[in-house]
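This report is addressed to a reader meeting the structure for the first time. Please consult the sequence and the model shown below while reading.

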Amino acid sequence: MKQVIRISCAIFCCLFIVACGQNGAKPSEPAPQKKPTPVVKEEKPPVQLGTDLNPETLQIPVLMYHSINTHVKNNLIIPPNEFDRQMKWLADNGYHTVTLAELDGLLKTGKNVPDKPVAITFDDGYQDNYTQAYPILKKYGLKANIFVITDKIAKNNHFDEAALKEMSAYGIEMDSHTVHHQELNQLSYEEQLKELTDSKAFLERLTGKKVNSICYPVGRYNEDTIRAAEATGYAMGFTTESGKANKKDGMYTLPRIRMVPGMSMESALK
Ligand SMILES: [Zn+2]
């Protein structure tokens, strides 16, 4: 019997000690929280829509239009139905229009060049760019730039500020064709600088978007023009000389392809 009591006591003591030990133990430290596995954001490569090409040899056609109108009085005016056919041809034949802001990057880097790139430009800012060309560009989902003479906005047959803002908001880029459309090579450096600065500032204020390009009125320019364009913050200057744009031409003396009535797009892009 004594033996039983002794064993019972021993068991009791053991249990007591264990219980005490548990009570006396420090409250268990909160288990160290597992650091959440950092979500590794996969660096997505930039969307590659095109091909990387050698910028030294890359040539991109920049089409030069003026007026799109049924009253064809001179070779600067293309009838709307002809313009429509040309735009449809571009869309049907796998051409990709790029804006001049995009062209700047493409010519300088040769990176991500879409298949069959082409830029569409209009000089002077005629009202029919808004009433005739703009609906056709929208119909085929094509990009374009307009070189605006800022002093002519809403005067004679030039579109007004509301039309300019609407087209800009849609994605048609507005660029400078100076304030007064004077032949720049006839002006002093300071006068040229003013034409380039004022037109750029005016358009940027109106659209809230950067103006990247200048197109020289009547294609006239000199060394001062190029210096002034660079000093004013333009990325590119366009002439009326004929050819496809390539950075070797100089980013401030880029040629274009003059579109005249009766000209097929196929022959223009050859
Ligand atoms: Zn002009």
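## Helix H4

In this predicted model, helix H4 covers residues 127–140. Its 14 residues reach 20 Å from the first C-alpha to the last, close to the 20 Å expected at 1.5 Å a residue. H4 nevertheless bends by about 40° at Ala 133, and Pro 135 is a proline that follows within four residues. After the helix comes Gly 141, with a positive phi near 65°.

The buried residues of H4 are Asp 128, Asn 129, Tyr 130, Gln 132, Ala 133, Tyr 134 and Leu 137. Ala 133 is thus both a buried residue and the site of the bend. The elements against which the buried residues of H4 pack include two helices, H2 (80–92) and H5 (161–170). They also pack against the strands E2 (67–68), E5 (117–124) and E6 (145–148).

## Helix H2

Helix H2 has 13 residues, which should span 18 Å at 1.5 Å a residue; the end C-alpha atoms are 18 Å apart, in agreement with that value. Phe 83, Gln 86 and Met 87 are buried in H2. Seen down the helix axis, the buried residues of H2 fall within an arc of 95°, and therefore line one face of the helix. Asn 81 and Asp 92, on the other side of H2, are exposed.

The cover over the buried residues of H2 includes H4 and helix H8 (265–268), together with the strands E2 and E3 (77–78). Strand E2 also packs against the buried residues of H4. Just after H2, Gly 94 takes a positive phi of about 75°.

## The loop residue Val 179

Val 179 is located in the loop between strand E7 (173–176) and helix H6 (189–207). Is this residue buried or partly exposed? Val 179 has 19 C-beta neighbours inside 10 Å, whereas a buried residue requires 20 or more, so Val 179 counts as partly exposed.

Leaving aside neighbours within four places in sequence, Val 179 is in contact with Thr 150, Asp 151, Glu 195, Asp 198 and Ser 199. The C-alpha atoms of Val 179 and Lys 200 are separated by 8.8 Å, and these two residues lie 21 residues apart along the chain.

## The chain as a whole

The protein chain has eight helices and ten strands. Of its 270 residues, 35% are buried. Among contacts between residues at least 6 apart in sequence, 67% join residues at least 24 apart.

Note on methods: Residues numbered from 1 in each chain as written. Predicted model: local features only at pLDDT ≥ 70, side-chain atom pairs only at ≥ 80, totals over all residues. Expected span 1.5 Å × (residues − 1). Bend = angle between axes of the 7 residues up to and from the residue. Buried ≥ 20, exposed ≤ 12 C-beta atoms within 10 Å, placed from the backbone. Contact = placed C-beta atoms within 7 Å. Arc of directions from axis to C-beta.
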